[in-house]
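Please open the complex in your viewer and keep the selection panel at hand. The tour proceeds by selections, each followed by a description of what is found there.

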Amino acid sequence: MTEVTVKIDGHDVSVPEGTLVIRAAEEAGIEIPRFCDHPLLAPVGACRQCLVDIPDAGNGRGFPKPQASCTIPVAEGMVVETQNSTAVKAQQGIMEFLLVNHPLDCPVCDKGGECPLQNQAMSHGQGETRFEGTKRTFPKPINLSPNVLLDRERCIVCQRCTRFAAEIPGDPGIALIQRGAQQQIGIAEDKPFSSYFSGNVIQICPVGALTSDDYRFRARPFDLVSTPGVAEHDACGAAVRIDHRRGKVMRRLAGNDPEVNEEWISDKDRFGFRYAVRDRLTSPMVREDGELRPASWLEAVAVAAAGLAGAGSVGVLPGGRLTLEDAKAYATFARDTLRTPHIDFRSRPLSEEETGFLRSRVAGTSVTYADLDAADHVVLAGLEPEDEAGTLFLRLRKANRKGLRITTLSPYASEGSRKLGAEVVLTAPGAEKDALSQVSGVTEASVILVGERLATSPGAYSAAAELADRTGAKLAWVPRRAGDRGAVEADLLPRDGGLDAEAIVRGNLGALLVAGVDPDDTADPAAFLAALDQAGFVVSLEQRITAVTERADVVLPVAAASEKAGTFVTWEGRRRPFTQVFDKPAAYSDAEVLGHITAEFALVDAESAEVADESVEWSPTTTDSAATTTDSAGVRLATWRLMLDNGTLQSGDKALAATARPAFVRISAALHEELGDVVTITGDRGSWTLPAMAAELADNTVWVPTNSFGRGVWADLASPGSTVTIEGAQQ
Amino acid sequence: MSDVLVPVLTANWADERAWTLPAYAEQGGYDALDVALGMAPEDVQTMVKDSGLRGRGGAGFPTGVKWGFLPAPDPENPKPRYLVVNADESEPGTCKDIPLMMASPHTLVEGVIISSYAIRAERAFIYVRGEVLHVIRRLRAAVREAYEAGHLGTNIHGSGYDLELVVHAGAGAYICGEETALLDSLEGRRGQPRLRPPFPAVAGLYASPTVINNAESIASVPAIVKNGADWFAGMGTEKSAGVGIFSLSGHVKKPGQYEAPLGITLRKLIELAGGVREGHELKFWTPGGSSTPLFTQEHLDVTLDFEGVAAAGSMLGTRALQIFDDSVCVVRAVLRWTEFYKHESCGKCTPCREGTWWLVQVLERLEKGDGKPEDLDLLLDQCDNILGRSFCALGDGATSPITSSIQYFRDEYLAHLEQGGCPFDAKKSTAWAEAVQ
C-alpha cells in the first residue's frame with residue numbers, strides 16, 4: 001500500500017494512503033478529542049469535536065474552515081494543525097455546545113471517572129460555560145432492553161451505539177428518533193433492543209447515557225481493580241477485563257485484542273459471571289451412611305484416593321470447562337496415577353468417528369481468525385456462530401461485509417445466517433455428509449469450520465476432512481465449551497482400548513471421576529445418572545452442587561475461572577493465558593486437587609488399579625446411536641443451543657436472562673399452517689408442548705433449542721439423531 | 001408590465017387552467033421534448049452546459065457541469081441512473097417552486113423528461129414538500145396526464161426511450177431539502193445529511209449514480225432546448241446567465257413572483273412591485289431566503305446575480321426577497337428565524353443542534369430586554385463556532401440572520417436593553433396595521 005507523509009503539529013508522519021487524519025495523528029502520539037469517532041465503526045462526522053485546522057490540503061491550498069479529522073483522509077504533503085488557535089477555538093466551541101444540554105451530573109453518574117466527555121471537557125474545554133439558559137430534560141431512565149438503560153439527557157447523540165448495532169452484530173434495533181435538541185436514541189414501540197452483543201453499546205458510549213441494569217449505581221470506576229481475563233463461555237477466547245472490588249466481580253468489559261475479539265464481546269461474556277458466587281461448594285464432602293457431610297481436605301483427599309485405588313476400573317470424565325493446565329493434569333492423573341485408558345472430556349453426544357477426527361485433524365493444528373479474513377470462502381457445517389461462538393460470528397460478519405463468501409449447511413435458514421450474508425444449504429440432520437461432498441467453490445484459500453454437533457451425523461467429519469484434502473482448504477473444529485480444544489490438545493480422549501464417554505457410562509466401571517459434566521448435556525442423561533448410581537465409587541470435582549455431586553461419594557470443590565490462573569485454548573488452537581483474579585484460600589484448581597490425590601495415591605497399593613482394565617465389558621455397537629433410530633417414522637430433530645438459555649454458567653444473571661430471545665420451535669410453513677402456534681413434539685424420551693414459529697427448514701425437519709426448556713432435549717425429549725412426531729397441541 | 005420582466009417559466013401562469021395538459025400543449029408544451037429526443041443525450045447535456053444555467057436551489061452550481069459528473073455508462077455496471085428533483089421548498093421566504101408546480105406542473109414534468117434523457121436515467125423522482133398537499137395532487141395529476149399522453153412510460157414519442165416518474169411527498173422536514181438528506185428520506189430512511197464522499201453523482205439514491213437538481217433548474221430546461229443555449233446565455237450577466245423567478249414578499253404593495261434576468265436590482269423590483277408599503281421605508285431584506293445574510297437600504301442597487309450578491313456579503317440563494325419596512329423589529333424577526341432553525345435542526349451534528357437551542361435563548365432574553373450588551377458578542381462568538389463547523393449548511397444558514405443583523409442593527413439590539421423591552425409595536429408591521437390604528 002502506498003504511504004503518504006503528512007505534517008501534523010510539525011511532526012512528519014507516514015501512514016498508508018486513505019488513513020484518516022485522526023488515525024494519522026494517533027500514529028504521531030497526538031490525541032485529537034473525539035466522541036462519534038470509533039476505529040471499528042464507519043466514520044460519521046456527527047459530533048464535530050475532532051475539528052482541526054488544515055492550512056494545506058496537500059495541494060498548496062488550505063481549508064477555509066476547520067475540518068472534522070475523523071472523516072478526512074490524509075493526502076501527500078498535507079499540513080494539519082490540531083492545537084493552533086483555530087483548532088483550539090473550534091474544539092472548545094464544540095465542547096461548550098455539547099455541555100449546553102448535558103446535565104453535568106458527574107457526581108451521580110456511573111461513567112464519572114472514566115468518561116470521555118468528562119475527561120475531554122477537562123483537557124479540551126473551557127473551565128466555565130457561558131450558557132445561562134434552560135437545559136433540555138427528559139424523564140429518566142428508559143429501558144432500551146431489559147438490561148440496557150438510557151438516560152437521554154446525558155446523551156450527546158454521537159450515534160456510536162446505533163452504528164454499532166447496525167454495523168457490527170447487524171441488530172439495528174435502536175435508532176435516532178425526533179430531531180434537533182430532542183433527537184434521542186429510541187426503539188420501536190414494544191420492540192426492545194435485542195442483540196446478543198448489546199452490552200458493547202454501553203462500553204463504547206462516550207458519556208453516561210447507556211448503563212446496564214446489572215452495574216448501574218453499583219460502583220465507581222476509581223474503586224475498581226481491573227484484571228485482564230479470557231471469557232470462559234465459549235471456545236472463542238474473547239479478551240475480557242474483569243473489574244472487581246473487595247473480592248467481588250462488579251462488571252466485565254471487553255478487552256481489546258485485535259487478533260481475536262477486537263473490542264467486542266457477547267452479552268454472555270459480559271454479564272454472565274454470577275454463577276461463580278452462587279451456591280458454590282465451599283468445603284469438601286464425603287458420603288457417610290448415605291449422606292454427604294463436610295470433611296477436611298485431608299480426609300476427603302484420602303477417601304478419594306483410597307476409593308479410586310480400590311475400585312477396579314475407573315472412568316474419568318473431566319468435561320469441557322478446563323484450562324489447558326487442568327486438562328494436562330487429568331491426562332496425567334488418569335494415565336499415570338489411575339492407569340486407566342478410560343478418559344473422555346466430551347460431555348455431549350459424540351461418536352467414534354469424532355474421536356479419530358479430533359486426534360488426527362484437530363490436535364496441534366492452527367487456523368486463525370486472520371485466516372477467515374483472508375479466505376475466499378468459508379463453509380460452516382454443524383455450527384451456528386451467532387448462538388454457539390459469538391466472537392467468531394462477529395469476525396465472520398465483518399469479513400462478509402468486506403466480501404467474504406459464506407456457505408452454511410444448516411437445518412434452517414436462521415437470522416444468524418442472514419446476518420452473516422451466508423448462502424444457506426438446507427441440510428437435514430444426518431445429511432451433512434452428502435451436503436459436504438457437494439459444496440462447490442472451495443479452494444485452497446477457503447476455510448471449513450465444523451461444529452461439534454457433527455458428531456451425531458455419521459460420516460460428516462470424514463466428509464469435511466475429505467473436502468479439505470481434496471481442495472487444500474483449511475479445516476477447523478469449533479467446539480462449544482472453553483476447555484474443549486485444550487482437552488483435545490491434552491489428549492483427553494480414549495486410546496489404547498479406552499472407552500469413550502458414552503461407553504464409560506454404559507461400561508459398569510468400578511469408579512467414576514467426574515468434573516465439569518452436567519448429566520443432562522450428555523447423549524443419554526438417564527443412563528448417565530444410572531451409571532453414577534451403579535458405580536461403586538464416584539468422585540466429583542465441581543464448583544457447585546449438581547446432579548453429580550448429589551450422587552458422589554467424595555465431593556471436592558474446585559476453583560472457578562476467576563480464582564485460578566490458566567490457559568484456555570481457542571477453537572483456533574491459540575493459547576489464551578489468563579491470570580488469577582481472586583486469591584481465595586482453599587480455592588484449588590482441578591490440577592491442584594488432582595495433585596493432592598496423586599500424592600495420597602502413592603501411599604495406596606497400586607496393584608489393584610492395574611488389574612482393573614481387564615474386567616471391562618464393552619460392546620462397540622452401543623455408540624452407534626444413529627443406526628438405531630433412522631428407520632423410525634417421524635420428523636428429524638435438529639437442535640443447537642441458543643446463546644442465552646438455561647446454561648449453568650448463566651444462572652444468577654437476571655438482567656442477562658431477560659434479554660434472551662424467546663425460545664421457539666421452528667417448523668415448516670406448511671406444518672405451521674396446519675398445526676398453529678403451539679405444537680406438541682414427542683420423541684423417544686418424552687413430550688413437549690411448545691410455541692412454534694414457521695421457518696425455512698430442510699424437508700421433514702423440526703428445530704428445537706437444546707437447552708431452553710425443562711432439562712433439555714436429551715433428557716426430556718429425544719435421543720440424539722432420532723426422529724420425533726409433531727401434532728397440534730391439545731387445547 | 002415593464003419590459004424588464006422576461007416571463008419564461010411564468011409565461012403561461014395566467015392561462016385558463018394552465019395546469020392541465022391541453023392548456024400546456026396549446027402554448028407549445030412538450031414540443032421541446034421532441035427536439036431533445038431528436039438529439040443525442042450528450043448534445044442535450046452540452047446545450048444545457050452552454051446555456052450557463054446555474055442551480056436555482058441556492059448554491060448556483062452549473063447544472064450541465066453537475067450532469068457531467070455522472071460516470072460514463074458502463075455495461076459492466078448494471079446500476080441504474082436516477083434524476084431526483086428537489087422540490088422540498090421549505091426555506092423561510094422562498095416561494096417559487098410551489099407556485100410553479102401549482103400553476104404549470106407540466107413545465108417541470110417536461111423538464112424532468114428531457115433532463116432524464118440527457119443523463120440517460122430511466123427513473124426520475126420529484127420530492128415535494130409534504131405540507132403542500134394541493135401541489136402534490138396537481139403534480140400527480142399532471143404526471144398521470146403525461147403518462148396517458150405518452151410523454152412518460154415506455155417508448156416515449158416513439159423514440160425508444162423509457163422513463164418512469166414518481167412524485168414523492170416528504171414528511172415535513174426542512175433538512176430534507178439538503179440533497180443527501182433528501183436521498184435518505186426518499187429511500188425511506190430518516191432524513192439526515194450523508195457524509196461525502198461518495199458524492200451523489202457516484203453513489204446517490206440506492207447507492208447508484210444520481211443527479212439532484214432544484215425544481216426551477218429542471219423546469220428551465222425545456223425553454224433552453226426550445227430556444228437554444230445562446231438565447232438563455234444571452235440573458236442575465238456573463239457568469240449568471242438566464243432568467244429566474246424573484247419572489248417578493250412582505251412590505252411591498254404587490255408581492256408576488258417576478259421573473260427577470262439575473263442581475264436585476266431590488267430597487268427595480270420594488271418599483272415593479274409598486275413600492276414599499278405606504279408611509280414606510282425599506283429597512284432590511286433577504287436576498288435569497290432567511291439563510292442568506294440580510295441586506296439593508298444601502299444594498300438596493302446590488303445586482304441580483306450570484307457574483308453581485310456575494311461581493312456585497314450575502315448570497316443570491318433562492319431569490320426569496322423578503323421585504324421588511326421600518327415598522328419591523330429586526331431582533332424579533334431574527335428570533336423567529338432562529339426558532340425556525342432550532343425547530344428544523346436535524347440533530348445530527350453538535351453545533352447546529354445545541355447551537356440553535358442556545359441561540360434562541362440568548363435572543364429571547366435580548367428581545368425581552370433581559371439581556372446584557374455582552375450577549376451580542378456572545379451571539380457572534382456562538383455563530384462563529386457554528387459557521388463552517390456544522391455538518392451541512394443548515395447550521396451555517398442559522399447564523400446568517402444573526403451576524404448580519406448585529407452588523408447592521410447593533411444599536412437596535414442595544415435599544416432593547418436600554419428600554420427593557422422591544423421599542424417596536426409589533427401590530428404596526430402586520431397587514432391589518434391600519435385597521436388596528
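In what follows, a helix axis is a line fitted to C-alpha atoms over the stretch in contact, and the angle between two axes runs from 0 to 180 degrees between N-to-C directions. The model is predicted; the predictor assigns the complex an ipTM of 0.95 and a pTM of 0.95. Chain B has an average pLDDT of 96, with 99% of the residues scoring at least 70.

Select first residues 330-344 and 393-419 of chain B, helices H14 and H17. Their axes come within 9 Å and cross at roughly 160°. Because angles over 145 degrees count as roughly antiparallel, H14(B) and H17(B) are roughly antiparallel to each other. The crossing is left-handed. To see the contact, display side chains including B:Val334, B:Trp337 and B:Tyr341 on H14(B), and B:Ile402, B:Phe409 and B:Tyr413 on H17(B). By class, the residues of this contact comprise 11 nonpolar, three polar and one charged.

Turn next to the boundary between the chains. Here 28 residues of chain A are in contact with 22 residues of chain B. Highlight helix H2 (residues 85-100) of chain A, which gives the most to that side of chain A, with six residues. The side of chain A that touches chain B has 15 nonpolar, eight polar and five charged residues.

Finally, select strands S6, S7 and S10 of chain A, which form an open antiparallel sheet in the order S6-S7-S10. Strands S6 (142-143) and S10 (210-212) are the edges, each pairing on one side only. S6(A) pairs with S7(A), residues 148-150, over two bridges. Which residue of S7(A) is the bridge partner of A:Ile142? The partner is A:Leu150.

How values were computed: Residues numbered from 1 in each chain as written. Chains lettered and ligands numbered in written order. Predicted model: local features only at pLDDT ≥ 70, side-chain atom pairs only at ≥ 80, totals over all residues. Pairing = 2+ DSSP bridges. Helix = DSSP H or I, 4+ residues; strand = E, 2+ residues; numbered from the N terminus. Contact = placed C-beta atoms within 7 Å. Nonpolar A, V, L, I, M, F, W, Y, C, P; charged D, E, K, R; others polar. pLDDT = per-residue confidence, 0-100. Parallel < 35°, antiparallel > 145°, perpendicular 65-115°, else oblique. Left-handed = near helix turned anticlockwise from the far one by under 90°.
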